[in-house]
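I opened the model to look up helix geometry, salt bridges and helix packing. These are my notes, in the order I worked.

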Amino acid sequence: MDLDVFVAAHQAEWHRLEALSRRRRLTGEEADELVTLYQRATSHLAQVQATAPDPTVEGRLTTLVARGRSAVTGARNSSWRDAGRYYTVSFPAALYRSRRWWIPIALLSLLGAALLAWWIATHPEVRDSVVAPDQLRQLTKPGGEYETYYTDRPASSFAAQVWTNNAWIAAQCLVFGVVLGLPVLWVLFQNVMNLGIGLGLMASAGRLDLFLGLLLPHGLLELTAVFVAAGMGLRLGWTIIDPGPRTRLTALAEAGRATIGMAVGLATALFVSGILEAFVTPSGLPTWARIGIGVVAEVLFLLYALVLGRRAAALGESGESGDVEEADRTDLRPVAA
């Protein structure tokens, strides 16, 4: 394709599209013309990208298509409605659609932590290789480090620290998916090791009940959020390997938007778990009450993900995927089947 001839042939259409896109009011005929010119400009951009890539022409057409698309669909401003839709539709739908990833990850991780804890608790030589006897006493004795961890700092600053740390772990799991998800496995391994070692050491000291009473009020929701993040990260990595019927770039863009979109929702869940860890875990409430609060928070999250999420995922003809709304996605160039 001769690019100069192509530009000369369609220059008038592009100028007309630009002029119509800038108008605030259009007649019926002008609105029909705007839609037609916008569709042609989208096709022209695809032709240039496919047969005669040129940064200048591509840049101009990309800007023109974006402006025309905004004029055709109408500009959207973020509002409380968008936030409400995110928490009632997009986020639960993404949780539900990714359940085949994060639920097995949660079960396998908890099983791994339980086996590690049993191994440490029942094999003194393994326990001694993990921590020296003097350090073990400091960790597990009444008033030891495991017990005072939740009470040696002001609750408000502790909540902020816990939330920041856990949100960072979740963000790592989400972002690391773009490198085939391999670093996600390392993050999971570290969490399983920390959990299993803590359980095993306290069990060996005969204080497992105390440890569970301190862990469960916040840990159920906290661990679930981390497992969800890991599942989404691994799903994103798998999309790179097997994009399905879509192009790899398109599949990665869709999965990536849904994955990064999970960050806000998971940060909210981790904020709740941080509040529980700072104000409920070290409180003077009976152990059964503290654990009960943690169980209620976990059950509510699971109902939100699996019941509300199922309904949200069933919305529309093709279902809600957790991706941004169709009107906010970029136009895609048609590809051969």
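Entry 1, helix α1. I began with the span of α1 in this predicted model. The helix has 20 residues, and its first and last C-alpha atoms lie 27 Å apart. At 1.5 Å a residue the expected value is 28 Å, so I note the span as close to expectation, the expected figure being 1.5 Å times one less than the number of residues.

I then checked α1 for bends. I found a kink of about 50 degrees, centred on H10.

Next I asked which residues of α1 are buried. The list is L3, F6, V7, H10, W14, L17, L20 and S21. H10 is therefore both the centre of the kink and a buried residue, buried meaning under 20% relative accessible area. As a reminder to myself, an α-helix has 3.6 residues a turn, so residues three or four places apart point the same way. What do the buried residues of α1 pack against? They pack against α2 and α3.

Entry 2, salt bridges. I counted six salt bridges in the model. I wrote up those that involve α1.

I looked first at R40 and E13, whose side chains form a salt bridge with an N to O distance of 3.8 Å. The pair links distant parts of the chain, with R40 in helix α2 (residues 28-51) and E13 in helix α1 (residues 3-22), 27 residues apart. I also looked up the exposure of both partners. R40 has a relative accessible area of 41% and is partly exposed. E13 is partly exposed as well, at 21%. The cut-off for buried is under 20%, so E13 at 21% does not count as buried.

The second pair I noted is E33 and R16, a salt bridge with 3.0 Å from N to O. E33 belongs to helix α2 and R16 to helix α1, so this bridge ties together parts 17 residues apart in sequence. Both are partly exposed: E33 has a relative accessible area of 29%, and R16 has 28%.

For the third pair I turned to E18 and R67, where the closest N and O atoms are 3.2 Å apart. E18 sits in helix α1 and R67 in helix α3 (residues 55-73), so the bridge ties together parts 49 residues apart in sequence. E18 is partly exposed at 25% relative accessibility, and R67 is partly exposed at 29%. Which residues do shared partners join into one network here? Salt bridges join E18, R22 and R67.

Entry 3, α7 and α10. Two packed helices are described by the angle between their axes and the distance between the axes. I looked up both values for helix α7 (residues 133-140) and helix α10 (residues 182-204): the angle is about 90 degrees and the axes are 10 Å apart. I therefore recorded α7 as roughly perpendicular to α10. For the contact itself I listed L136, L139 and T140 on the α7 side, which meet L201, M202 and S204 of α10.

Entry 4, G219. My last lookup was a glycine in helix α11 (residues 208-241), G219. Is G219 buried or exposed? At 3% relative accessibility, G219 counts as buried. I also took one C-alpha distance from G219: E298, 79 residues away along the chain, has its C-alpha 9.2 Å from that of G219.

Terms used. Residues are numbered from 1 along each chain as its sequence is written. This is a predicted model: local features need pLDDT of at least 70, side-chain atom pairs count only at pLDDT 80 or more; totals for chains, interfaces and linings use all residues. Side-chain values use heavy atoms; hydrogens and water are left out. A salt bridge is a side-chain nitrogen of Lys or Arg within 4 Å of a carboxyl oxygen of Asp or Glu. Helices (H or I, at least four residues) and strands (E, at least two) are DSSP runs, numbered from the N terminus. Buried means under 20% relative accessible area, exposed over 50%, partly exposed in between (1.4 Å probe, protein chains only). The bend at a residue is the angle between axes fitted to the seven residues ending there and the seven starting there. Contact means heavy atoms within 4.5 Å. Axes are lines fitted to C-alpha atoms, for helices over the stretch in contact, and angles run from 0 to 180 degrees between N-to-C directions. Angles under 35 degrees count as roughly parallel, over 145 as roughly antiparallel, 65 to 115 as roughly perpendicular and the rest as oblique.
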